[in-house]
Amino acid sequence: FPVTIRAELVASLHQDCITTRFYKGTDRLVDSYSAFFDNTRSQSTRLGDYLTSRGITDLFFAGVATEYCVLYSALDAIDLGFNVFIIKDACRAINRHPLDESQALETITKKGGKLVSSQVFGSVAT
């Protein structure tokens with residue numbers, strides 16, 4: 001199995017504000033699509049507990065791949081009681097099959113997640 005050696009955050013990221021890190025995919029034998037649990041749900045990243053302990057109720061998801069990491073993270077977040085919003089235009093699918101992305105988004109919305117656009121947030125200063 002390939003192992004990522006010294007995976008690092010990009011140097012331009014202001015890391016002085018980072019107080020906690022959450023790791024996923026730490027078991028080489030078990031996939032880990034969700035930000036909250038591995039695929040067998042035997043290992044938790046503790047992210048859900050961390051967010052709950054800070055009174056966070058709304059989660060906004062962006063990323064790749066829509067039908068894998070975004071999907072499973074969103075479903076787990078809903079199961080954990082969070083309000084889930086998918087920033088649709090900030091996600092990308094692999095689409096191994098033509099309908100993978102639309103089916104993933106439909107699964108999320110049927111479970112209670114909501115689709116939003118990045119336009120809702122206006123411009124972001126750099």
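A salt bridge is a side-chain nitrogen of Lys or Arg within 4 Å of a carboxyl oxygen of Asp or Glu. The exercises below apply this and similar criteria to a predicted model.

**Exercise 1. Decide whether R41 and D76 form a salt bridge, and state which parts of the chain the pair connects.**

Solution.

Step 1. The side chains of R41 and D76 approach to 2.5 Å, N to O. The cut-off is 4 Å, and the pair is accordingly listed as a salt bridge.

Step 2. R41 belongs to the segment before α1, whereas D76 belongs to helix α2, so the pair ties together parts that are 35 residues apart in sequence.

Step 3. The surroundings of the two residues are compared with the limits of under 20% for buried and over 50% for exposed. D76 is buried, because its relative accessible area is 10%. R41 has 42% relative accessibility and therefore counts as partly exposed.

Step 4. R41 has a further partner: R41 lies over the face of F37, at 4.0 Å from the ring centre.

**Exercise 2. Find the other salt bridges and describe where their residues lie.**

Solution.

Step 1. The count for the structure comes to 3 salt bridges. Side chains of opposite charge can pair when their charged atoms come close.

Step 2. One of them joins D79 and K111, whose closest N and O atoms are 2.6 Å apart. This pair links distant parts of the chain, with D79 in helix α2 and K111 in the loop between α3 and β3, 32 residues apart. D79 is partly exposed at a relative accessible area of 45%, and K111 is partly exposed at 38%.

Step 3. Another joins E106 and K110, at 2.9 Å from N to O. Both residues lie in helix α3, 4 residues apart, about one turn of the helix. An α-helix has 3.6 residues a turn, so residues three or four places apart point the same way.

Step 4. E106 counts as partly exposed, at 41% relative accessibility, while K110 counts as exposed, at 67%.

**Exercise 3. Describe helix α2: its span, its burial and its surroundings.**

Solution.

Step 1. Helix α2 runs over residues 66-79 and has 14 residues. From its first C-alpha to its last, the helix reaches 18 Å, close to the 20 Å expected at 1.5 Å a residue.

Step 2. Of the 14 residues of α2, 10 are buried, so the helix is largely enclosed by the rest of the structure. Among the buried residues are E67, V70, L71, L75 and I78; D76 from Exercise 1 is also one of them.

Step 3. The cover over these buried residues includes strands β1 (58-64) and β2 (83-92) together with helix α3 (100-110).

Step 4. Just after α2, G81 takes a positive phi of about 95°.

**Exercise 4. Classify the aromatic pairs F22 with Y50 and F60 with F85 as stacked, tilted or edge-to-face.**

Solution.

Step 1. A search of the whole structure finds 5 aromatic pairs. A pair of aromatic rings is described by the distance of the centres and the angle of the planes. Planes under 30 degrees apart count as stacked, and planes over 60 as edge-to-face.

Step 2. For F22 and Y50, the centres are 5.0 Å apart and the planes stand at 65°, which is edge-to-face. F22 lies in the segment before α1 and Y50 in helix α1, 28 residues apart. F22 is partly exposed, with a relative accessible area of 27%, and Y50 is partly exposed at 22%.

Step 3. For F60 and F85, the centres are 4.7 Å apart and the planes are at 15°, so this pair is stacked. F60 lies in strand β1 and F85 in strand β2, so the pair ties together parts that are 25 residues apart in sequence. F60 is partly exposed, with a relative accessible area of 44%, whereas F85 is buried, at 17%.

Step 4. Ring pairs also link Y33, Y68 and Y72 into a cluster.

**Exercise 5. Determine whether E8 is buried or exposed, and how far its C-alpha lies from that of L115.**

Solution.

Step 1. E8 is in the segment before α1.

Step 2. The relative accessible area of E8 is 56%. The limit for exposed is over 50%, and E8 is therefore exposed.

Step 3. The C-alpha atoms of E8 and L115 are separated by 31 Å, and the two residues are 107 residues apart along the chain.

How values were computed
Residues numbered from 1 in each chain as written. Predicted model: local features only at pLDDT ≥ 70, side-chain atom pairs only at ≥ 80, totals over all residues. Heavy atoms only, no water. Helix = DSSP H or I, 4+ residues; strand = E, 2+ residues; numbered from the N terminus. Expected span 1.5 Å × (residues − 1). Buried < 20%, exposed > 50% of the residue type's maximum accessible area, 1.4 Å probe, protein only. Contact = heavy atoms within 4.5 Å. Phe/Tyr/Trp six-rings, centres within 6.5 Å; stacked < 30°, edge-to-face > 60°. Lys NZ or Arg CZ within 6 Å of the ring centre and 35° of its normal.
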